[in-house]
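Trainee: I have just opened this entry and would like a guided tour. May I ask questions as they come to me?
Mentor: Please do; the structure is shown below.

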Amino acid sequence: MPLNTAATRVAPWEIEGQLALCRDIAARFAAAGLHPRAFVDTYGCQQNEADSERLRGYLREMGYGFTRSEEEADLILINTCAIRQHAEQRVLGNVGALVHTKRRHPGQIICLCGCSMQQEHMARRIRDSYRHVDLVFGTHALWRFPALLDQVLREKKRVFSTQDSAGSIAEGIPVVRQDGVKAWVSVMYGCNNFCSYCIVPYVRGRERSRLPEDILAEVAQLAEQGYKDITLLGQNVNSYGRDLGLSLDFAGLLEQLCAIPGDFRLRFMTSHPKDAGQRLFETMARCGKIAPHLHLPVQSGSDRVLSAMNRGYTRAAYLEKVAALRALIPDIVLTSDIIVGFPGETGAEFEDTLSLIREVEYDALFTFLYSPRSGTPAARLDDPVPKEEKQARFQRLVDVQNEISARKHAAYVGSVQQALIDGVTGDPAHNLSARTPGGRLIHLSGDPALVGRVCPVRIESASTWALFGSLE
Ligand code: 5AD
Ligand code: SF4
């Protein structure tokens with residue numbers, strides 16, 4: 001896949017142009033007496049969720065209302081994920097089924113966007129085999145969604161926009177947020193790390209940071225609107241600012257964000273272990289607004305595998321960072337990602353991962369079976385380990401972690417947590433959900449009016465996955 005090197009900022013007048021098109025489209029719908037509805041479906045990570053909030057923002061400006069039903073929708077927009085094959089297969093399955101929905105609603109417009117569509121072979125597959133799809137655009141074309149959709153609406157033809165690019169930054173796209181308590185704020189886009197298994201650098205372009213003043217303004221606005229939990233997003237937030245030529249790094253940005261008045265908590269993800277260090281840990285320890293949680297994906301506990309993954313750190317260096325962090329914040333909640341079955345991973349190398357898990361004792365893990373991604377270096381490696389063996393390793397890892405998670409959760413019993421009540425559940429036994437400062441899930445009962453408030457919650461019992469408590 002070709003990779004460009006120069007990232008660009010989208011000029012404000014270009015976004016203005018997109019917004020003018022939105023108004024135009026909305027006026028056409030209004031003149032025809034139409035009230036179109038859109039169904040937006042999002043796969044994958046929080047960055048995709050954040051992107052979908054901007055796509056919804058554009059749709060709202062175009063006069064669309066929203067529905068959760070594919071049957072009712074005049075427009076279906078699926079924001080796809082490419083990280084593992086399973087995610088791509090699911091999207092293709094669902095898109096295939098939309099043939100029937102569209103047969104019942106011939107005017108329905110079906111759009112696919114996001115990481116999977118940024119890959120040439122996937123876009124080609126949609127063009128050739130999923131002929132009911134009207135619009136396909138990759139991550140780099142997101143800011144031009146109104147222009148692309150306008151072309152579909154006016155010219156009644158299929159539109160594909162999947163050119164590769166180093167990526168751009170577009171400020172000023174309207175946002176429709178999905179939650180009133182928790183919000184996502186992208187601080188940077190793209191990735192320069194090229195871990196050998198990962199497709200992200202190929203589909204999201206090079207690292208590019210938003211300007212600090214734009215991030216500060218967005219967070220200040222969210223704080224003013226009453227958001228209580230703000231997650232800063234980037235593939236590797238620790239390299240924030242490197243491309244800007246300013247002296248500000250991610251720790252410095254955090255420091256400035258913490259100075260914004262308001263009663264909110266800041267989280268961030270993801271931190272790459274090679275770039276997370278003492279300065280970040282000290283800032284986390286010093287700033288009361290930063291949640292005591294770090295997601296620090298280790299991927300493997302074997303030095304040989306880490307090197308083959310191109311991760312840029314050793315097991316010992318990783319463990320040193322964890323020790324330095326815990327010296328400053330002893331009760332930090334630590335989570336991680338692990339890939340099981342990287343090509344050529346031996347039984348002994350997998351044992352190294354298990355021993356690292358036991359040594360660190362993470363609060364929770366996100367575990368993945370290695371999935372070959374076309375175009376990445378790891379996909380070209382020999383992979384002699386049978387699937388069943390990988391599956392068995394995966395299960396052992398999950399069992400070890402479950403035991404650790406259950407033990408860590410049990411230690412909360414009897415404590416009182418300053419918990420953010422973050423939602424209403426469908427469960428009559430525990431109608432509310434809440435989060436500890438470190439982000440662990442609490443189930444409890446109470447008045448739904450408490451959503452958005454921080455309340456003392458006494459933890460009464462715990463399971464592998466969650467805590468159970470009651471309001472003090
Ligand atoms: N196969 C399996 N897991 C992967 N991840 C990224 N690429 C792959 C892949 N090809 C996992 C990593 C990363 C997380 C977001 O997804 O653990 O940290
Ligand atoms: Fe993928 Fe590695 Fe970049 Fe994370 S740091 S997005 S795993 S290449």
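Trainee: Is Cys-111 buried or exposed?
Mentor: In this predicted model, Cys-111 has a relative accessible area of 0%, so it is buried.

Trainee: How far is the sulfur of Cys-111 from the closest cysteine sulfur?
Mentor: The closest cysteine sulfur belongs to Cys-113 and lies 7.9 Å from that of Cys-111, which is too far for a bond. A disulfide would require the two sulfur atoms to be within 2.5 Å.

Trainee: How many disulfides are there, then?
Mentor: The count is zero disulfides. Cys-81, for instance, is in no disulfide, and its nearest cysteine sulfur, in Cys-45, is 6.4 Å away. Cys-81 counts as buried because its relative accessibility is 9%, and the limit for that word is under 20%.

Trainee: Let us turn to empty space. How many cavities of 30 Å³ or more are there?
Mentor: There is one cavity of 30 Å³ or more. The largest cavity holds about 180 Å³ of space.

Trainee: Which residues lie nearest the centre of the largest cavity?
Mentor: They are Arg-54, Thr-139, Leu-142, Ser-168 and Arg-208, out of 13 residues that line the cavity. At least two lining residues come from α2, and at least two from β8 (168-169). Sorted by class, the lining of the largest cavity has five nonpolar, four polar and four charged residues.

Trainee: Why is the largest cavity said to lie between the two domains?
Mentor: Its lining takes residues from both domain 1 (8-168) and domain 2 (172-410), so the largest cavity lies between them.

Trainee: And the pockets? What is the volume of the second largest pocket?
Mentor: The second largest pocket has a volume of about 380 Å³. Its lining has 21 residues, and the closest to the centre are Arg-54, Ile-173, Val-175, Arg-177 and Glu-218. The elements giving two or more residues to this lining are α2 (46-61), β9 (182-186) and α7 (212-224).

Trainee: Which element gives the largest share of that lining?
Mentor: That is α2, with five residues. The lining of the second largest pocket comprises nine nonpolar, five polar and seven charged residues.

Trainee: Where does the second largest pocket lie in relation to the domains?
Mentor: It lies between domain 1 (8-168) and domain 2 (172-410), because both give residues to its lining.

Trainee: Moving on to single residues, where is Arg-204?
Mentor: Arg-204 is in helix α6, which covers residues 200-204. Its relative accessibility is 7%, so Arg-204 counts as buried.

Trainee: What does the side chain of Arg-204 make a polar contact with?
Mentor: The partner is the side chain of Asn-48, at 2.6 Å.

Trainee: What about Thr-335: which strand is it in?
Mentor: Thr-335 belongs to strand β15, residues 333-340. With a relative accessible area of 3%, Thr-335 is buried. Its side chain makes a polar contact of 2.9 Å with the side chain of His-293, and one of 2.9 Å with the side chain of His-295.

Trainee: Now for another arginine. Which helix holds Arg-304?
Mentor: Arg-304 is in helix α10, residues 303-308. This arginine is partly exposed, with a relative accessible area of 42%. Its C-alpha atom is 8.8 Å from that of Glu-345, although the two residues are 41 apart along the chain.

Trainee: Let us finish with the backbone. Which peptide bond is cis, with omega near 10°?
Mentor: It is the bond from Met-269 to Thr-270. Thr-270 lies in the loop between β13 (265-269) and α9 (278-286).

Trainee: Why would one remark on a cis bond or a positive phi?
Mentor: Because most peptide bonds are trans, and most residues other than glycine have a negative phi.

Trainee: What is the phi of Gln-299?
Mentor: The phi of Gln-299 is near 75°, a positive value in a residue other than glycine. Gln-299 sits in the loop between β14 (293-295) and α10, and at 6% relative accessibility Gln-299 counts as buried.

Trainee: And where is Glu-361?
Mentor: Glu-361 is in the loop between α12 (347-360) and β16 (364-369). Its phi is positive, about 55°, although Glu-361 is not a glycine. Glu-361 is partly exposed, with a relative accessible area of 25%.

Methods
Residues numbered from 1 in each chain as written. Chains lettered and ligands numbered in written order. Predicted model: local features only at pLDDT ≥ 70, side-chain atom pairs only at ≥ 80, totals over all residues. Heavy atoms only, no water. Buried < 20%, exposed > 50% of the residue type's maximum accessible area, 1.4 Å probe, protein only. 1 Å grid on protein atoms, 1.4 Å probe; cavity = no way out; pocket = protein on both sides within 12 Å on 5 of 7 lines; lining within 4 Å. Points joined across faces, edges and corners; volume = space filled by probe spheres on them. Helix = DSSP H or I, 4+ residues; strand = E, 2+ residues; numbered from the N terminus. Nonpolar A, V, L, I, M, F, W, Y, C, P; charged D, E, K, R; others polar. Domains from an automatic or database assignment. Polar contact = N/O pair within 3.5 Å; in protein donor to acceptor, adjacent residues only side chain to side chain.
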